[in-house]
Structures are given as C-alpha cells and as structure tokens.
Amino acid sequence: MSESLETYQIGDCELAQQNVNRLNLQDVITVRNGDLFAPVKGMKFDIVVNDVSGIAELPGRVAGWYPPSVNTGREDGASVVIRLFERVADFLNPDGILYFATPSLSNVTRILDSAKEVMGDQIKELGKFRIPFSRELTDAIEPLKFFCEQGYVSFKAKRSRYVWTLSDFRCQRQG
Ligand SMILES: C[S@@+](CC[C@H](N)C(=O)[O-])C[C@H]1O[C@@H](n2cnc3c(N)ncnc32)[C@H](O)[C@@H]1O
C-alpha cells in the first residue's frame, strides 16, 4: 500500500484543498484537478474509489445536489462513471481494487454492465441502503416517473413515500 493518497476533483478542488488544510493532511493527500485520470497519467494505484458524478441530470438538479457549475452524470447518470471504468484498469496495480457506488437515481444496469465488462465477474456488493425521497425529489415525481419508465432511474413507492437505493461495490483486478 502506498503511503500517500492522491485525489482529484473537477470544480470542487478548492473545497477539497481547504478540507485537506483544515484537517492537516497535506502530507498524505494531494489534490489534483482534471478530467478523470488525466492528472495522474502514468501512475498506478492499489485502490481507486470512484465518486465522480453518477446521478442523472434531472434528479441531480431538482434535488439541489449539483449546482449549475458542476456536471451531473448526464441524462441517465451513467456516462461519466462508464468513462472512468473504461480507463481504470490502466491505473490499478495487479490485484488493485476499485470501489464504487450505484445510486438508483441513475441507470444502474448500464453502470454494472460496464463494470463487469472491464473488471469481469469479480464484483462484490458490499451493502445496499434505501433512502427516502427528499421534498425536492418528491416535488418532481411526475417527470421522475417518466424517466423511471425509460429506464434512466429506478425507485419504489413505499407507503406514502418513494425510496431510491444506493449500493456499494468492490471489485478486484485479477493479476
Ligand atoms: C458526487 S460528487 C463527489 C464529491 C466528492 N466525493 C466530495 O466529497 O467532495 C461528484 C464530483 O465529480 C466531479 N466530476 C464530474 N465529472 C468529472 C470528471 N470528468 N473528472 C473528474 N471529476 C469529475 C464533479 O465535479 C463533482 O465534484
């Protein structure tokens, strides 16, 4: 395991750097700004934790999670994550591990199919959490139902509320 942790973000780098400074972690965390792995070109890691924008445009905006300056995962929430999966093998050491989460406010099928294509069948689900809709999401229920019918997002009615699901996964690169 390497002794330093490299992390990068687009848009929120300033905030990430402020957090690193506040927590006095400058010796172990380096913040880099850029598109996906571009800022760490040529490097290999034991662990990659994916948290790039993975929420579909409509729920991401109406929920208020993504301000206008930050891109969502586009129409079905899968595009940026899939782009990352397509590149991740080049940045993992042999036996390196990729962690990622799938919010059902994105096209989970497309995301998992892509993960399997890249990482094989070594994908293990670590946990599943059911999260009630916020007021903002509930207010957008009609357009969200339409996107659910299109397969872009998925959620369920539970008594008088709607819930979406967040699942965590771990996959290990083979040799
Ligand atoms: C769910 S947030 C992650 C927040 C982060 N984990 C944190 O705690 O601050 C998604 C982040 O992915 C970033 N992002 C979106 N597209 C990206 C890309 N192509 N390359 C790098 N980061 C990207 C967005 O700017 C946003 O900050």
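This short talk walks through the domains, the strand pairing around strand 7, and one helix of the structure above.

Please keep in mind throughout that what we are looking at is a predicted model. To begin with the overall layout, the protein chain is divided into domain 1, covering residues 1-34, and domain 2, covering residues 44-172, and the centres of domain 1 and domain 2, taken over C-alpha atoms, are separated by 23 Å.

Let me turn now to strand 7, which runs over residues 161-172 and pairs in the antiparallel sense with strand 4, residues 92-103, over seven bridges. Within that pairing, if you would like a place to find it on the screen, Thr 102 has Ser 167 of strand 7 as its bridge partner. Strand 5, residues 123-132, also pairs with strand 7 in the antiparallel sense, over nine bridges, and here Gly 127 is partnered by Asp 168 of strand 7.

Then there is strand 6, residues 156-158, whose antiparallel pairing with strand 7 takes in three bridges, among them the one in which Lys 158 is partnered by Arg 161. Strand 6 and strand 7 form a hairpin with two residues between the strands, and in this hairpin Arg 159 takes a positive phi near 50°.

Finally, back towards the start of the chain, how many of the ten residues of helix 1 are buried? The count is zero, and helix 1, which spans residues 13-22, is accordingly described as hardly covered. Just after helix 1 comes Asn 24, where the backbone takes a positive phi of about 60°.

Methods: Residues numbered from 1 in each chain as written. Predicted model: local features only at pLDDT ≥ 70, side-chain atom pairs only at ≥ 80, totals over all residues. Domains from an automatic or database assignment. Pairing = 2+ DSSP bridges. Helix = DSSP H or I, 4+ residues; strand = E, 2+ residues; numbered from the N terminus. Buried ≥ 20, exposed ≤ 12 C-beta atoms within 10 Å, placed from the backbone.
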